[in-house]
Structures are given as structure tokens and as C-alpha cells.
Amino acid sequence: MSNEILLLVGALALLDMFSPSIIGVTVYLLLVAKKHQLRLVLTYLITVALFYFSTGIFLMLGLYVIFDPIANLLSSYSARLTMTIVGGILFIGSWLVPKKKTTGAPRPKTLHVSAMIALGFTTSILEVATALPYFAAIGILTSHHLSFYEWLPILAGYNLMMITPGIILLCFHLLFRRYMHQPLRKIQSLFDQSTSSALSWIMFFVGLILLINGGMI
């Protein structure tokens, strides 16, 4: 396994670290929950990470089974050309995403562990179809035909990086509770007023990484 693969997947994981739902829900829980903040936030973050990790394993195994026979029929040039075309479409499309305000991160109706699990599954299911960096990372791992013991820890590390901002916010809140209220309010306000520019930046970087990985530029 080359360092190039680790760098590409690591760059995609950095993009997923800025997930509006993960950061938004974490901030909301830290501001609203009066007790059991550690349990509630960790339950939500672990649920999201396990969902994406399981989805990644399913896709990796499924892609190997479904696409390996097809990939063997394709020349390496064809595979790289396809990756380049997809990357080009995402790269160009990133400049065409319309700007519109969002309603902010999803917020739980009740503050219980079971509600956090349900919220984690719900937000993950709603957003998994638009998880461009994650799908791009899986595509890169699949195209390099890595062994199970090689790509499994990479997926685990990817998902750990994805929830790292939530864990960092939780740690800072627990250590500096008195001073974190105002910064958390500012973060919440930023996400509530966010636009689709986040999607355009993700499309831009994913497209660029696919173009580079395709070897056509």
C-alpha cells in the first residue's frame, strides 16, 4: 500500500471532518443538555461512526464482488479515464452549485440515549447519499485492490477522523465549561446561517482528487 493512497484518503477524511450534522448536533447537545452530556454526545458520535463504518465495509465487499469481474475486462486506461471524467464533472459542478440557506443541523426532540441512537441513524441515512468524500475514498481503495486487512483499518481511521471535531468540542466543553458557552453559540449561529457553499467546496476537492488519482492531469 503506497503513501499516495493514504494521502488521498486522508485528504478526503479531512473534508468529512466538517460535517454540518456532526458538529451541529454536538454543539446543540452541549448547549441544551443540562446533564449526561458526555453520554449523549458519545452515543450520537459512535452511532454515526458505526453506521458509516458498516456502510463502508458493505460497499467495499460488495464492490469487490460486483465490480471485480468487470474491472478485469477493462484496461487501466479506461478505468483512469472514467475516474477523470467523474472528477471533471464534480470539479466543474462545484462552481455551479446554487447558493441557498439551510435550516441548520437536525435537533433531537428528547435528550435520551435511545433518542441519540435514533438521531445518529436518521442523520446518517439522510446524508449517506451525499457523502461524496466517503464514496470517493471507497472508490480509491477499491480501485487499488487492497487486501481486507489493509483497507479495514483505513476505513476505521477515516470514521474516527470524521467524528474527531465532535470529540474535540466535547473535551473542550468538559475542561473549560465556563468559557465555552459563547464560542459554542457562535459555532451554532455559523451553521444555522450556512449556505450550500460547503457542498461546492466538497465537490471541488473530491473532483480534484479524482482527477489526480485518475492520472490524466
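Where is isoleucine 46 found? Hold on to that one, everyone, while I introduce the protein. What you see is a predicted model, and the protein has 217 residues, of which 42% count as buried. Its secondary structure comes to nine helices and zero strands.

Back to my opening question: isoleucine 46 sits in helix α3, which covers residues 37-73. Is isoleucine 46 buried, exposed or partly exposed? Its relative accessible area is 45%, and because buried means under 20% and exposed means over 50%, this residue counts as partly exposed.

Ile46 also has company. Together with Leu38, Leu42, Leu50 and Leu174, Ile46 forms a nonpolar patch on the surface, with about 410 Å² of accessible area in total. Helix α3 gives the largest share of that patch, four residues. For the protein as a whole, about 12,200 Å² is exposed, and carbon and sulfur atoms supply 72% of that.

Now please look at helix α2, residues 20-32. Here the picture is mostly one of cover: 11 of the 13 residues in α2 are buried, among them Ile22, Gly24, Val27 and Tyr28. From first C-alpha to last, α2 reaches 18 Å, close to the 18 Å expected.

My last stop is helix α7, residues 148-175, with 28 residues. Helix α7 spans 39 Å between its first and last C-alpha, close to the expected 40 Å. Where does α7 bend? The bend is at threonine 164, by about 45 degrees, and proline 165 follows within four residues.

One final number, on contacts: among those between residues at least 6 apart in sequence, 87% join residues at least 24 apart. Thanks for listening!

Conventions. Residues are numbered from 1 along each chain as its sequence is written. This is a predicted model: local features need pLDDT of at least 70, side-chain atom pairs count only at pLDDT 80 or more; totals for chains, interfaces and linings use all residues. Side-chain values use heavy atoms; hydrogens and water are left out. Patches are made of residues with over 30% relative accessible area and no salt bridge: like charges are joined within 9 Å, nonpolar side chains (Val, Leu, Ile, Met, Phe, Trp, Tyr) within 5 Å. Accessible areas come from the Shrake-Rupley method with a 1.4 Å probe; for residues, only the protein chains shown count as cover. A salt bridge is a side-chain nitrogen of Lys or Arg within 4 Å of a carboxyl oxygen of Asp or Glu. Helices (H or I, at least four residues) and strands (E, at least two) are DSSP runs, numbered from the N terminus. Buried means under 20% relative accessible area, exposed over 50%, partly exposed in between (1.4 Å probe, protein chains only). The expected span of a helix is 1.5 Å times one less than its number of residues. The bend at a residue is the angle between axes fitted to the seven residues ending there and the seven starting there. Contact means heavy atoms within 4.5 Å.
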